[in-house]
Amino acid sequence: QVQLVESGGGLVEAGGSLRLSCAASGLTFSSYAMGWFRQAPGQEREFVAAVSWSGVYTYYADSVKGRFTSSRDNAQNTSDLQMNSLKPEDTAVYYCAARSSRGGQKVEALVKSPDYWGKGTLVTVSS
């Protein structure tokens, strides 16, 4: 079975940093674009960041550009989200997601329709 397991969430003050990690199993990791979504209480889930199967191309929501960095290590089947200059508005449950890149799909396809989801990790940014 495919499993995506997030870790690294916690409480941090505004302006601080956190690094989230997603460990994947049950899939051919290098065939999938990897990314992150987030959802605050009472809000709809929104796209945050993604990295292509090769790790070369990245894509970010405007709200996190210049602050967050999405990366991956295909040898370890992990993807990371480095979050810097955190704001209270970043408070949410963060979900790891995966989308197949077979057939030449671009990383943007993950934004619209991920194939798999993790269960999430909570990030709380205090003011």
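**Strand pairing and loops in a predicted chain**

Tyr32 stands opposite Ser100 in β9. The model in which this pair is found is predicted. The pair is a convenient place to start, and the strand at residues 32-39, β4, leads from there into the rest of the chain.

Strand β4 is mostly covered, with seven of its eight residues buried. It has pairing partners in β9 and β5. With β9, which covers residues 92-100, β4 is joined by eight bridges, and the two strands run antiparallel. With β5, at residues 46-51, β4 pairs over five bridges, again in the antiparallel sense. Within this second pairing, Trp36 stands opposite Ala49 in β5. Strands β4 and β5 form a hairpin with six residues between them, and in this hairpin Gly42 takes a positive phi near 80 degrees.

These strands belong to a chain with one helix and 11 strands. In sequence order the pattern is β-β-β-β-β-β-β-β-β-α-β-β. The radius of gyration is 14 Å, close to the 14 Å that the globule rule gives for 127 residues, so the chain is as compact as a globular protein of that length. The C-alpha trace spans about 45 × 30 × 25 Å along its principal axes. Of the contacts between residues at least 6 apart in sequence, 61% join residues at least 24 apart. As for burial, 44% of the 127 residues count as buried. The accessible surface comes to about 6,600 Å², and carbon and sulfur atoms account for 47% of that surface. On the charge side, there are 12 positive and 11 negative side chains, and the centres of the two sets lie 6 Å apart.

A second group of pairings is built around β8, at residues 78-83. All six of its six residues are buried, so β8 is largely enclosed by the rest of the structure. Both faces are covered: Thr78, Asp80 and Gln82 are buried on one side, and Ser79, Leu81 and Met83 are buried on the other. Two pairings of β8 can be followed here. Strand β3, at residues 18-25, runs antiparallel to β8 and is joined to it by six bridges; in that pairing Ser21 stands opposite Asp80. Strand β7, at residues 68-73, also pairs with β8 over six bridges in the antiparallel sense, and there Arg72 stands opposite Ser79.

What backbone feature appears in the hairpin of β7 and β8? This hairpin has four residues between its strands, and Asn77 in it takes a positive phi near 55 degrees. That is a positive value in a residue other than glycine. Is Asn77 buried, exposed or partly exposed? The cut-offs are under 20% relative accessible area for buried and over 50% for exposed. At 26% relative accessibility, Asn77 therefore counts as partly exposed.

On the other side of β8 in sequence is the loop between β8 and β9, and Ser85 has its place there. Ser85 also has a positive phi, of about 50 degrees, although it is not a glycine. With a relative accessible area of 40%, Ser85 is partly exposed.

Pro88 lies in the loop between β8 and β9 as well. Its relative accessible area is 34%, so Pro88 is partly exposed. Which residues does Pro88 touch, leaving aside its neighbours within four places in sequence? Pro88 is in contact with Ala14, Val125, Ser126 and Ser127. Of these, Ser126 is 38 residues from Pro88 along the chain, while the two C-alpha atoms are separated by 5.7 Å.

The last stop returns to the opening pair. Asp115 lies in the loop between α1, residues 109-112, and β10, residues 116-117. At 36% relative accessibility, Asp115 counts as partly exposed. Not counting residues up to four places away in sequence, Asp115 touches Tyr32, Ala98, Arg99 and Ser100. Both Tyr32 and Ser100, the pair that stands opposite across β4 and β9, are thus in this list. Asp115 and Ser31 are 84 residues apart in sequence, and their C-alpha atoms are 12 Å apart in space.

Notes:
Residues are numbered from 1 along each chain as its sequence is written. This is a predicted model: local features need pLDDT of at least 70, side-chain atom pairs count only at pLDDT 80 or more; totals for chains, interfaces and linings use all residues. Side-chain values use heavy atoms; hydrogens and water are left out. The radius of gyration is taken over C-alpha atoms; the globule rule is 2.2 Å times the number of residues to the power 0.38. Buried means under 20% relative accessible area, exposed over 50%, partly exposed in between (1.4 Å probe, protein chains only). Contact means heavy atoms within 4.5 Å. Accessible areas come from the Shrake-Rupley method with a 1.4 Å probe; for residues, only the protein chains shown count as cover. Lys and Arg count as positive and Asp and Glu as negative; His and the chain ends are not counted. The place of a charge is taken as NZ of Lys, CZ of Arg, CG of Asp or CD of Glu. Two strands pair if DSSP finds at least two bridges between them.
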